[in-house]
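Student: I would like a close look at one helix in this structure, and then at what surrounds it. Please take it step by step.

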Amino acid sequence: MLRLDEDCEVDETYVNAGLKGKNRRNGKGRKRGGTHRRGRGTYRTDRPPIFTVVGRKTRTTIYRMERRADARSVRRVIRSYIARGNTIYTDDYRSYRGLYGYGHRSVAHSEGVYACGDVHINGCESRNLCFDIFMLPRRGVAKDHLDLYAASATVWARLYVLEPWKALGSIESMLFDYQPKKL
């Protein structure tokens, strides 16, 4: 499994992903609009979060889908991909509080502050845009398969960071380490 032993940035983005390819309205046709609700999305509301982890030195990017963006999911993502003892840079979302075993620095987006010296998550924000660009040609996805899209976007992002011969070895190890989620 890919594990980063460096200071990392962590952020989340929300993807509109419904039941593409399934008859969810019992023959009533397609419902247009009205799917964007206020607040943060969840798997149940068809806007699951995609967590983005970016290494500060190597620029290694990892995308991971979770069912919701609560503190338990945040801890699961961070413990899975970042070695203890490293500093984590996040925004001021309350789920990022209480990350024991890690240094934690945050920037207050709610107050209009996006960078304060070396405390920023601009790398994650740009990688979230890269994920949106990766998803654009797919023209919507089923939320049941969004974790596979996140894994393939991780491979796609790794190809641009590594040298070609290292990228091939990385893809091979990532494919053998991948385990689909039970939803």
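Tutor: In this predicted model, helix 2 runs over residues 122-135, which makes 14 residues. From its first C-alpha to its last it reaches 20 Å, close to the 20 Å expected at 1.5 Å a residue.

Next comes burial along this helix. Gly123, Cys124, Arg127, Asn128, Phe131, Phe134 and Met135 are the buried residues of helix 2. Viewed down the helix axis, these buried residues fall within an arc of 140°, so they line one face of helix 2.

Cys130 also lies in helix 2. Its relative accessibility is 26%, and buried means under 20% while exposed means over 50%, so Cys130 counts as partly exposed. Not counting residues up to four places away in sequence, Cys130 touches Tyr63 and Trp156. Cys130 and Trp156 are 26 residues apart along the chain, and their C-alpha atoms are separated by 9.9 Å.

Now for the nonpolar cores. The largest of them has 18 residues. Within this core, the residues with the most contacts are Val10, Val53, Ile78, Ile82 and Ile88. Two or more residues each come from strand 1 (8-14), strand 2 (49-55) and helix 1. Of the elements, helix 1 gives the most, with 4 residues. Ile78, leaving aside neighbours within four places in sequence, is in contact with Val10, Ile88, Leu99 and Tyr102. Two of those partners, Val10 and Ile88, are also listed among the residues with the most contacts inside the core. Apart from this core lies another, of 14 residues. Met65, Met135, Leu146 and Ala150 are among its members, and Met135 was named above as a buried residue of helix 2.

Helix 1 deserves one more residue. Helix 1 covers residues 71-81, and Ser73 is found in it. Ser73 has a relative accessibility of 2%, so it counts as buried. The side chains of Ser73 and Asp70 are joined by a polar contact of 2.7 Å. Beyond the neighbours within four places in sequence, Ser73 is in contact with Glu66 and Arg68.

To return to the helix you asked about: helix 2 has its buried residues along one face, one of them, Met135, belongs to the core of 14 residues, and Cys130 in the same helix is partly exposed.

Definitions and conventions. Residues numbered from 1 in each chain as written. Predicted model: local features only at pLDDT ≥ 70, side-chain atom pairs only at ≥ 80, totals over all residues. Heavy atoms only, no water. Expected span 1.5 Å × (residues − 1). Buried < 20%, exposed > 50% of the residue type's maximum accessible area, 1.4 Å probe, protein only. Arc of directions from axis to C-beta. Polar contact = N/O pair within 3.5 Å; in protein donor to acceptor, adjacent residues only side chain to side chain. Contact = heavy atoms within 4.5 Å. Core = buried A, V, L, I, M, F, W, Y, C linked by side-chain atoms within 4.5 Å.
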